[in-house]
Amino acid sequence: MNEASNFCTGKCVVPTTHQCPEPNSTTPWVCCLDCKNLTNTRWDNPPYKINASGKSAPLGYNTIATSATHYDGVLEYNAHSLYGFSQAIATHKALLGLDGKRPFILSRSSFVGSGSYAAHWTGDNKGTWEDLKHSISTMLNFGLFGMPMVGSDICGFYPAAVPLEELCNRWIELGAFYPFSRDHANFASPRQELYQWDSVAKSARNALGLRYKLLPYLYTLIYEAHLTGAPVARPVFFSFPEFTPSYGLSTQFLLGSGVMVSPVLEQGATSVKAMFPPGSWYNLFDMTKAVISKDASLVTLDAPLNEVNVHVYQGLVLPMQRGGVISKEARQTPFTLVIAFPYGTDGAEAKGKVYVDDDERPEMILVEGEATYVEFEASVKGKTVTVTSNVQMGKYSLSKGLMIEKMSVLGLQGKGKELAIEVDGTALVNTTSVYFNHVGEVQEEVEGGSKKGMLVEVGGLELPLGKSFSLSWKMEIVS
């Protein structure tokens, strides 16, 4: 509560007529000091009011009196917005001095520049469907403000007096894809841990399971945010500025440039109407499903209680891992590259990247032996599919034994054959463990009908992440 927040307002003294704080109080947010309002100074009662929190209250309401002075006579009136920011800087410096590892600081207060030092959660939200919806626009705003690690209290900090089970199902399906994801509540509220309901636990395993598989992609977005300030969670218009129908869209969002989250935000709903910029969007839970969008028409997506719609856009090579119960475990598992081509398009290309380090170095910078950065490129020309990687600083991932075990290629038609692999320019002769798997037919949800395509998996790979490689194969069209 480093705004600083204060449940008392004005000039306060410790009371002489009763204990303060009150022993065993269940309402610690009720002020027990003896206070009087300060309204006779130009700082506490300035000529221009800001109507803080929508209340006709003094400027120092529930915080430090604005006429109070800090060290060296600095007025709270001038320093208020710097209080939490300065605290984050000091805490960051102190934690670095303790063990030299990258600090994780969670701050409710924020100011311009806070994102360089701290993560942020959006404060005391309510357990309501309205606040569930508003959490998206709040998260997107803070990303644009320069705070990439941000999220809201899943299920709400103040659960409302309505059944929470359905709301928590939908909230974890959204909140699993907040950059900062946490279920958190007021200690006096009803229990809302995700395991309190079997249905919510199922939704959590589903959504958080995908989050943990996406950790290499999310971590690479954090690296990009460190370099450029680009948010992790982005409004659709951020990556598609020419798609003007998305300018007012705040019920969906992107992770990076090409992963779309389309959550259910209404009670009782079992489907969601979603908008997709033109192109091919593949469902990450079931890659045999896709949306082929041609305009701004809303597409109705099935969304049963335990499912959330997450799609990857054409042109992206998406690095994923197997997942795990904890992030440290998940980050040690083999990689899968999900390669999304536009459906049925010859001459198509896709690109992606991944950044890995030990997650603890103070600065996310490339240093040989401490971090690895890999750029992936894929193309399909005629019947030939080619996937290549370009590695910078490969020693770190080689030392950790990080491997690519599979590629899932979307949007192709036919079956793969005649695979050729080179690693660091040397052809691999023994590829007996490598196999093609053709996973059914892609059922593409299109207004006015459906089309068919193919998901091609190349498995059994043992490609070191830290070495550049080239794969190519030919597609055989089968009627």
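The exercises below work through a predicted model of one protein, each with a solution that goes step by step.

**Exercise 1. Find how many helices and strands the protein has, what its C-alpha trace spans, and what part of its residues counts as buried.**

Begin with the secondary structure, where the protein has 9 helices and 29 strands. Next take the extent of the C-alpha trace, which along the principal axes of the protein spans about 85 × 50 × 40 Å. Finally turn to burial: of the 479 residues of the protein, 46% count as buried.

**Exercise 2. Describe the largest pocket by its volume, its lining residues and the elements that contribute to the lining.**

The first step is the volume, and the largest pocket holds about 1,800 Å³ of space. The second step is the lining, which is made by 50 residues, and those closest to the centre of the pocket are R102, M149, Y219, I222 and D359. The third step is to ask which elements give two or more residues to this lining: they are β9 (182–183), α5 (198–213), α6 (215–228), α8 (327–330) and β20 (348–357). The largest share comes from α6, with 6 residues. Sorted by class, the residues of the lining divide into 28 nonpolar, 10 polar and 12 charged.

**Exercise 3. Locate D359 and D72 in the chain, and decide for each whether it is buried, partly exposed or exposed.**

Start with D359, one of the residues closest to the centre of the largest pocket, which is found in the loop between β20 and β21. Its phi is near 70°, a positive value in a residue other than glycine. The relative accessibility of D359 is 32%, and because this value falls between the cut-offs of 20% and 50%, D359 counts as partly exposed.

Now take D72, which is found in the loop between β2 and α1 (76–79). D72 also is not a glycine, and it has a positive phi of about 65°. Its relative accessibility is 70%, and because exposed means over 50%, D72 counts as exposed.

**Exercise 4. Work out which parts of the chain are tied together by the aromatic pair of F376 and F469.**

The count of aromatic pairs in the model comes to 16. F376 and F469 form one that is tilted, with 6.5 Å from centre to centre and 40° between the planes. To place the two residues, note that F376 lies in strand β21 (residues 371–381) and F469 in strand β29 (residues 469–476), so the pair ties together parts that are 93 residues apart in sequence. As a last step, consider their accessibility, by which both F376 and F469 are buried.

**Exercise 5. Find the members of the aromatic cluster, and then the rings that have an arginine over their face.**

The cluster is formed by Y219, Y223, Y355 and Y373. Of these, Y219 has already appeared among the residues closest to the centre of the largest pocket. For the arginines, look first at R42, which lies over the face of W43 at 4.5 Å from the ring centre. Then look at R182, which lies over the face of W121 at 5.0 Å from the ring centre.

**Exercise 6. Determine how many cavities of 30 Å³ or more a search of the whole structure finds, and describe the lining of the largest cavity.**

The search finds 1 cavity of 30 Å³ or more. About 60 Å³ of space lies in the largest cavity. Its lining consists of T9, G10, N37, L38, D44, P58, G60, A65 and T66. By class, this lining has 3 nonpolar, 5 polar and 1 charged residues.

**Exercise 7. Identify where the chain has the cis peptide bonds that end at A4 and P21.**

One cis peptide bond joins E3 and A4, with omega at about 5°, and A4 lies in the segment before β1 (11–13). Another runs from C20 to P21, with omega near 5°, and P21 has its place in the loop between β1 and β2 (34–36).

**Exercise 8. Describe the stretch at residues 229–318 that carries a UniProt annotation.**

In the unreviewed UniProt entry, these residues bear the feature "domain: Glycosyl hydrolase family 31 C-terminal". Over residues 229–318 the chain of the model is 4% helix and 39% strand, while the end C-alpha atoms are 21 Å apart.

Conventions: Residues are numbered from 1 along each chain as its sequence is written. This is a predicted model: local features need pLDDT of at least 70, side-chain atom pairs count only at pLDDT 80 or more; totals for chains, interfaces and linings use all residues. Side-chain values use heavy atoms; hydrogens and water are left out. On a 1 Å grid over the protein atoms alone, a cavity is a set of points where a 1.4 Å probe fits but cannot get out, and a pocket is an open set with protein on both sides within 12 Å along at least five of seven lines; lining residues have an atom within 4 Å of a point. Grid points are joined across faces, edges and corners, and a volume is the space filled by probe spheres set on the points. Ala, Val, Leu, Ile, Met, Phe, Trp, Tyr, Cys and Pro count as nonpolar, Asp, Glu, Lys and Arg as charged, and the others, Gly among them, as polar. Rings of Phe, Tyr and Trp (its six-membered ring) pair if their centres lie within 6.5 Å; planes under 30 degrees apart count as stacked, over 60 as edge-to-face and the rest as tilted. Buried means under 20% relative accessible area, exposed over 50%, partly exposed in between (1.4 Å probe, protein chains only). A charge sits over a ring if NZ of Lys or CZ of Arg is within 6 Å of the ring centre and within 35 degrees of the ring normal. UniProt positions are given in the numbering used here, feature names are shortened, and annotations may be inferred rather than shown by experiment.
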